[in-house]
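This report describes the fold, the burial of selected helices, the backbone exceptions and the aromatic pairs of one protein chain. The sequence and structure come first.

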Amino acid sequence: MPVASIRFSNPPPTRLHRRIEERVATAETDEQLVRKSQQGDERAFGELVNRYESKVYSLALKMLRNPDDAEDVLQDTFLRAYRGIKAFQGNSTFSTWIYRITANSALMRLRKKQLPTVSIDDAEEREAPINIADWAPSPVEQLLSKETQQAMNEAIEALPPEFRQVFVLRDVEELSNSEVADILDLSVAAVKSRLHRARLKVRNRLASHFSEPNSRSAMGAKS
């Protein structure tokens, strides 16, 4: 058999393959990068920024609905993280910690815009868990018109800051109730309560939006 016709079922690794394998083998975890950052390794902190900057910006943009504000929150988040990395004790994951900083920074910016805030009393913390059906997208919902998507964006934007936080993290970012609770430093019951109220507000606003064309059509028919 000619040498050229021989095929290996597992071809020998090339230099490129070996370099890739070496990089994968030496890939550092968030925990390792955090420890190095706490020791003053700026390269390690830069790697954390590279890993999370797009996620932080995306979350900020979904909460604030403004690219410039989201960019400001992005910079503020990593500045706060850089200053506070040595105090990070690892009681939560780095991703939870950085999301918490992002959510708090976005909340402060929303409050500066003098949007209505929500008074959360002790009763909410003790409130019994509420069973709320998940908003898993159906095939119809996946084909929402551009107008409907705009109406949804406006409904989210109209939410009070504390409700918007929970709604975006839970229903837009699709985090679990316990993850949202960790990020916002709330009980799971409080997260469910705020989420329930936020969903009601969004649904009511959407219902009002979709009823307006019908109302106008009915008025036109009577005239």
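## Overall make-up

The protein chain has ten helices and zero strands. Read from the N terminus, the order of elements is α-α-α-α-α-α-α-α-α-α. The model is a predicted one.

Of the 223 residues in the protein chain, 33% are buried. The exposed area of the protein chain is about 14,500 Å², and carbon and sulfur atoms supply 50% of that area. Among contacts in the protein chain with a separation of 6 or more, 67% are between residues 24 or more positions apart.

## Helices 8 and 9

Helix 8 spans residues 161-172 and helix 9 spans residues 177-184. How many of the twelve residues of helix 8 are buried? Eleven of the twelve are, and helix 8 is thus mostly covered. The buried set includes the aromatic residues Phe-163 and Phe-167. Charged residues also belong to this set, among them Glu-162, Arg-164, Arg-170 and Asp-171. Pro-161, Gln-165, Val-166, Val-168 and Leu-169 are buried in helix 8 as well.

In helix 9, the buried residues are Asn-177, Val-180, Ala-181, Ile-183 and Leu-184. These residues lie on the same side of helix 9, because the arc they cover around the axis is only 165 degrees.

## Residues with positive phi

Most residues other than glycine have a negative phi. Where does the protein chain show a positive phi at a residue that is not a glycine? Arg-65 is one such residue, with a phi of about 60 degrees, and Glu-174 is another, also with a phi of about 60 degrees. Asp-185, just after helix 9, likewise takes a positive phi of about 60 degrees.

Arg-65 sits in the loop between helix 3 (42-64) and helix 4 (67-84). Its relative accessible area is 26%, so Arg-65 is partly exposed. Glu-174 follows helix 8 and belongs to the loop that leads from there to helix 9. With 61% relative accessibility, Glu-174 counts as exposed, since the cut-off for that class is over 50%.

## Aromatic pairs

How many aromatic pairs does a search of the whole structure find? The search finds five. Two of the pairs are set out below.

| Pair | Distance of centres | Angle of planes | Class |
|---|---|---|---|
| Phe-45 and Tyr-82 | 5.3 Å | 70 degrees | edge-to-face |
| Phe-88 and Trp-97 | 4.8 Å | 35 degrees | tilted |

The pair of Phe-45 and Tyr-82 is edge-to-face because its planes stand at 70 degrees, and the cut-off for that class is over 60. Phe-45 is part of helix 3 and Tyr-82 is part of helix 4, so the pair ties together parts that are 37 residues apart in sequence. The two partners are covered to unlike extents: Phe-45 counts as buried at 9% relative accessibility, whereas Tyr-82 counts as partly exposed at 42%.

For Phe-88 and Trp-97, the planes are at 35 degrees and the pair is therefore tilted. Both Phe-88 and Trp-97 are buried. These two residues also belong to a cluster, in which ring pairs link them with Tyr-52 and Phe-94.

Key
Residues numbered from 1 in each chain as written. Predicted model: local features only at pLDDT ≥ 70, side-chain atom pairs only at ≥ 80, totals over all residues. Heavy atoms only, no water. Helix = DSSP H or I, 4+ residues; strand = E, 2+ residues; numbered from the N terminus. Buried < 20%, exposed > 50% of the residue type's maximum accessible area, 1.4 Å probe, protein only. Contact = heavy atoms within 4.5 Å. Areas by Shrake-Rupley, 256 points an atom, 1.4 Å probe, with all protein chains shown as cover. Arc of directions from axis to C-beta. Phe/Tyr/Trp six-rings, centres within 6.5 Å; stacked < 30°, edge-to-face > 60°.
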